[in-house]
Amino acid sequence: MKKNEKTNVMRLLDNKQIVYESHFYEDTKAISGQEVASVLGQDPRQVFKTLVTVGKSGRHYVFVIPVCQELDLKKAAETAGEKKIEMIREKELLPLTGYIHGGCSPVGMKKQFPTVIDQSCEQQETIMVSGGKIGCQIELTLQELQKIIPIQVASIV
């Protein structure tokens, strides 16, 4: 991905005048969040991954957590007001969100799902989320992210 190439995420952020910084990396084999943080030389506590889940009710939820952590499904279900939550299957991701595995961003999904970010984000000056494509990350503050998507902060890891 070229540095001057804009993703849909960047266009949405630009359109809403959201302050962000884009980071590009060439190693497109780096798909896991830990690998992405390493390639970019970033603290893994600052780099967040976007996980899409489905509740017992059939409703979908998005959880944004540090790449070095695992989503606590019990806490996630409690936060969402569901009896149970599970990860969606990888093949469901693209038709549901418009994003592929490794390039899923909480910004610009086909439909806006209830979105929750782990409270550890409050300890970071800025956080990084996918820019909507493998090879691109977006760095911004929680406050800027909240200007473009309604995002709840909770303990979910």
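1. Start with S120: this is a predicted model, and in it S120 comes out buried, with a relative accessible area of 17%. The call follows from the cut-off, because buried means under 20% relative accessible area.

2. Where does S120 sit? In the loop between β5 (115-118) and β6. So you're looking at a loop residue that still counts as buried because its relative accessible area is 17%, under the 20% limit.

3. Now for its surroundings. Leaving out residues up to four places away in sequence, S120 touches F48 and P66. Its side chain also makes a polar contact with the side chain of D118, at 2.8 Å. For a longer-range pair, take S120 and I156: 36 residues apart in sequence, but 9.4 Å apart in space, C-alpha to C-alpha.

4. On to the largest pocket, which holds about 570 Å³ of space. It is lined by 27 residues, and the ones closest to its centre are K49, T50, L51, H101 and G102. If you want to place a view on it, those five are the names to select.

5. Which elements each supply at least two residues of that lining? They are α2 (33-40), β2 (48-55), α4 (90-97) and β6 (127-130). Of the contributors, β2 gives the most, with five residues.

6. As for chemistry, the lining of the largest pocket splits by class into 14 nonpolar, nine polar and four charged residues. Worth keeping in mind when reading the polar count: Gly is grouped with the polar residues here.

Key:
Residues are numbered from 1 along each chain as its sequence is written. This is a predicted model: local features need pLDDT of at least 70, side-chain atom pairs count only at pLDDT 80 or more; totals for chains, interfaces and linings use all residues. Side-chain values use heavy atoms; hydrogens and water are left out. On a 1 Å grid over the protein atoms alone, a cavity is a set of points where a 1.4 Å probe fits but cannot get out, and a pocket is an open set with protein on both sides within 12 Å along at least five of seven lines; lining residues have an atom within 4 Å of a point. Grid points are joined across faces, edges and corners, and a volume is the space filled by probe spheres set on the points. Helices (H or I, at least four residues) and strands (E, at least two) are DSSP runs, numbered from the N terminus. Buried means under 20% relative accessible area, exposed over 50%, partly exposed in between (1.4 Å probe, protein chains only). Contact means heavy atoms within 4.5 Å. A polar contact is a pair of N or O atoms within 3.5 Å; within protein, one must be able to donate a hydrogen and the other to accept it, and residues adjacent in sequence count only if both atoms are side-chain atoms.
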